[in-house]
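I sat down with a coffee and a new model today. Here are my notes, in the order I looked things up.

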Amino acid sequence: MAEEGGLAAFGEQLRREREERGVAVEAICNATKVPIRHIQALEAGAYRELPGGVFRRGFVRSYLDVLGLEERLWMERFEASCRESGVGEPGETAWVTFAENVKNSRGMPRRRMRLRWAGGVGMVVVLGLAGWCGWRLATHRGLIPRPPVWRSLKSWVDNAPSR
């Protein structure tokens, strides 16, 4: 892909990539839920017509995701294009950093997920055991089953003193 100069270069390259893949603008809009006017403004390089900051970057990320393009490379090019056009706001870097941190912290490590599941299963086992013990006590059977009455009587009769 040849590097082109000018403000509309990034948007033009995006449009070309979309057309090479045979994806319609409407399909991008349906997949990303981004209004068609914003997609057209992006492809035309009219960044001032796009919402600011995190939203603008989110639109581009969604667009890239639908086309299956490498996000890091294209986002660097988009940022450079924004700086060239003078659209990037000075306070925007804090929002960009915040959004990147949120994105990176969303996935929970597998180890923590396994511990959470093990704790949940352990809790179910403890509650089941407590329920069983409560049921045994409520039905006056006690926790340890007693031997049948005839065994107790036989034992009493067999051990009775002789007359």
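The entries below go from the overall fold to helix pairs, salt bridges and a surface patch.

**Entry 1: overall fold**

I noted before anything else that this is a predicted model. I then asked how many helices and strands the chain has. The tally is 8 helices and 0 strands. Reading from the N terminus, I wrote the order down as α-α-α-α-α-α-α-α. I also looked up burial, and of the 163 residues in the chain, 26% are buried.

**Entry 2: H1 against H4**

Next I turned to how helices pack. Two packed helices are described by the angle between their axes and the distance between the axes, so I looked up both. I took helix H1, residues 9–20, with helix H4, residues 53–67. Their axes come within 10 Å and cross at roughly 30°. Are they roughly parallel or roughly antiparallel? Angles under 35 degrees count as roughly parallel, and H1 and H4 are therefore roughly parallel to each other. For the handedness, I put down that H1 passes H4 in a left-handed crossing.

**Entry 3: H2 against H3**

My second pair was helix H2 (residues 25–32) and helix H3 (residues 36–44). Here the axes are 9 Å apart and the packing angle is about 120°. An angle from 65 to 115 degrees would count as roughly perpendicular and one over 145 as roughly antiparallel. About 120° fits neither, so I entered H2 and H3 as oblique to each other. The crossing of H2 past H3 is right-handed.

**Entry 4: salt bridges around Arg72**

I moved on to charged side chains, and the count comes to 9 salt bridges. I began with arginine 72, which is exposed because its relative accessible area is 53% and the cut-off for exposed is over 50%. One of its partners is glutamate 70, with the closest N and O atoms 3.6 Å apart. Glutamate 70 is partly exposed, at a relative accessible area of 45%.

Glutamate 76 also forms a salt bridge with arginine 72, at 3.1 Å from N to O. How many residues apart are glutamate 76 and arginine 72? They are 4 residues apart in helix H5 (residues 71–85), about one turn of the helix. I have glutamate 76 down as partly exposed, with a relative accessible area of 44%.

A network turned up elsewhere: salt bridges with shared partners join Glu12, Arg15, Arg16 and Glu19 into one.

**Entry 5: a closer look at Arg15 and Glu19**

From that network I picked out glutamate 19 and arginine 15, whose side chains meet in a salt bridge at 2.6 Å, N to O. Both lie in helix H1, 4 residues apart, again about one turn of the helix. Glutamate 19 counts as partly exposed at 44% relative accessibility. Arginine 15 has a relative accessible area of 22%. Buried means under 20%, so I entered arginine 15 as partly exposed.

**Entry 6: a nonpolar patch**

Last, I asked which residues form a nonpolar patch on the surface. I found Met113, Trp117, Val121 and Val125, with about 440 Å² of accessible area together. I looked further at one of them, valine 125, which lies in helix H7, residues 110–138. Is valine 125 buried or exposed? Its relative accessible area is 53%, so I wrote it down as exposed.

Notes:
Residues are numbered from 1 along each chain as its sequence is written. This is a predicted model: local features need pLDDT of at least 70, side-chain atom pairs count only at pLDDT 80 or more; totals for chains, interfaces and linings use all residues. Side-chain values use heavy atoms; hydrogens and water are left out. Patches are made of residues with over 30% relative accessible area and no salt bridge: like charges are joined within 9 Å, nonpolar side chains (Val, Leu, Ile, Met, Phe, Trp, Tyr) within 5 Å. Accessible areas come from the Shrake-Rupley method with a 1.4 Å probe; for residues, only the protein chains shown count as cover. A salt bridge is a side-chain nitrogen of Lys or Arg within 4 Å of a carboxyl oxygen of Asp or Glu. Helices (H or I, at least four residues) and strands (E, at least two) are DSSP runs, numbered from the N terminus. Buried means under 20% relative accessible area, exposed over 50%, partly exposed in between (1.4 Å probe, protein chains only). Axes are lines fitted to C-alpha atoms, for helices over the stretch in contact, and angles run from 0 to 180 degrees between N-to-C directions. A crossing is left-handed if the near helix is turned anticlockwise from the far one by less than a right angle, and right-handed if clockwise.
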